Amino acid sequence: MRILFHRNTPWKDHIRCSTNIYAENALKEGYEVVYFEKLIHPLRLMKNRFKRILKGKEPDIIWTVPPGSSALKEIFPNAKLIFQVVDYYPAFLGEKIKEVEKDDYTVADHVFTIGVAMTNYLVDELKIDPTKITTLGQG
């Protein structure tokens, strides 16, 4: 099984984010892992290049973090789309990001959050189906 992990945090950096750790654990468990650390919006324009990077092998699962990256589902429609919500994005990206988040999390197959407060935000404010959300915590 092939998993595409996507987050803006570099793979090799002194900061080891949770997505890096999940990707490393997937590798240890024998999954084929691709880690992509670029913003997603320009990728809509780079569909063919993105497929070349993956050498024509589409991922079975897309695990992504940044708002707007549901565009990966457009590029790889057969993959399961999983979001990991790690921040309250309106705090630093403004209120308009809520529209993008709602669209992303609605089309996602599943959403993982870093805490109960984040889960409550998704359910209460964005009206995301609570049955598709799992609260992981940060530890």
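Begin the tour by selecting Lys 80, which is found in strand 4; strands here are DSSP runs of E with at least two residues, helices are runs of H or I with at least four residues, and both are numbered from the N terminus. The model is a predicted one, in which local features need pLDDT of at least 70 and side-chain atom pairs count only at pLDDT 80 or more, while totals for chains, interfaces and linings use all residues. Residues are numbered from 1 along each chain as its sequence is written, and side-chain values use heavy atoms, with hydrogens and water left out.

**Stop one: Lys 80**

With a relative accessible area of 48%, Lys 80 is partly exposed, a term for values between the two limits of buried (under 20% relative accessible area) and exposed (over 50%), computed with a 1.4 Å probe on protein chains only. Now add Ile 61 to the selection: Ile 61 and Lys 80 are 19 residues apart in sequence, yet their C-alpha atoms are 4.7 Å apart in space. Leaving aside residues up to four places away in sequence, Lys 80 touches Asp 60, Ile 61, Ile 62, Lys 73 and Asp 109, where contact means heavy atoms within 4.5 Å.

**Stop two: the sheet**

Next, colour the strands and look at how they are ordered. The structure has an open sheet of six strands in the order 2-1-3-4-5-6, with parallel pairing, and two strands are said to pair if DSSP finds at least two bridges between them. Strand 2 (32-36) and strand 6 stand at the edges, each with a single partner strand, so one side of each is left without a neighbour in the sheet. From one strand to the next, the twist averages 20°; axes are lines fitted to C-alpha atoms, for helices over the stretch in contact, and angles between N-to-C directions run from 0 to 180 degrees.

At one edge, strand 1 and strand 2 pair in the parallel sense over five bridges, and you can select Arg 2 together with its bridge partner in strand 2, Glu 32. Helix 6 packs on the sheet, where it touches strand 4, strand 5 and strand 6, and its direction makes about 160° with that of strand 6.

Moving along to strand 4, you will find that four bridges join it to strand 5 (residues 110-113), and that the two run parallel; Phe 83 has Val 111 in strand 5 as its bridge partner. Strand 5 in turn pairs with strand 6 (residues 133-135) in the parallel sense over three bridges, and the partner of Phe 112 in strand 6 is Thr 134. Following the chain from strand 5 through helix 6 to strand 6 traces a β-α-β crossover that is right-handed, meaning that, with the strands pointing away from the viewer, the path from the first strand over the helix to the second runs clockwise.

**Stop three: the aromatic rings**

Now show the side chains of the aromatic residues, among which the structure holds six aromatic pairs. Rings of Phe, Tyr and Trp (its six-membered ring) pair if their centres lie within 6.5 Å, and planes under 30 degrees apart count as stacked, over 60 as edge-to-face and the rest as tilted. Phe 5 and Trp 63 form a tilted pair, 5.9 Å centre to centre with 40° between the planes, and the pair links distant parts of the chain, since Phe 5 in strand 1 (residues 2-6) and Trp 63 in strand 3 (residues 61-64) are 58 residues apart. Phe 5 is buried at a relative accessible area of 3%, and Trp 63 also counts as buried, at 11%.

A second pair to select is Tyr 88 with Tyr 121, which is edge-to-face at 4.9 Å centre to centre and 80° between the planes. Tyr 88 is partly exposed at 33% relative accessibility, whereas Tyr 121 is buried at 7%. Finally for the rings, select Phe 5, Tyr 22, Trp 63 and Phe 112, which ring pairs link into a cluster.

**Stop four: Asp 104**

End the tour at Asp 104, which lies in helix 5 (residues 97-107) and counts as buried at 1% relative accessibility. Its side chain makes a polar contact with the side chain of Ser 70 at 2.5 Å; a polar contact is a pair of N or O atoms within 3.5 Å, and within protein one must be able to donate a hydrogen and the other to accept it, while residues adjacent in sequence count only if both atoms are side-chain atoms.
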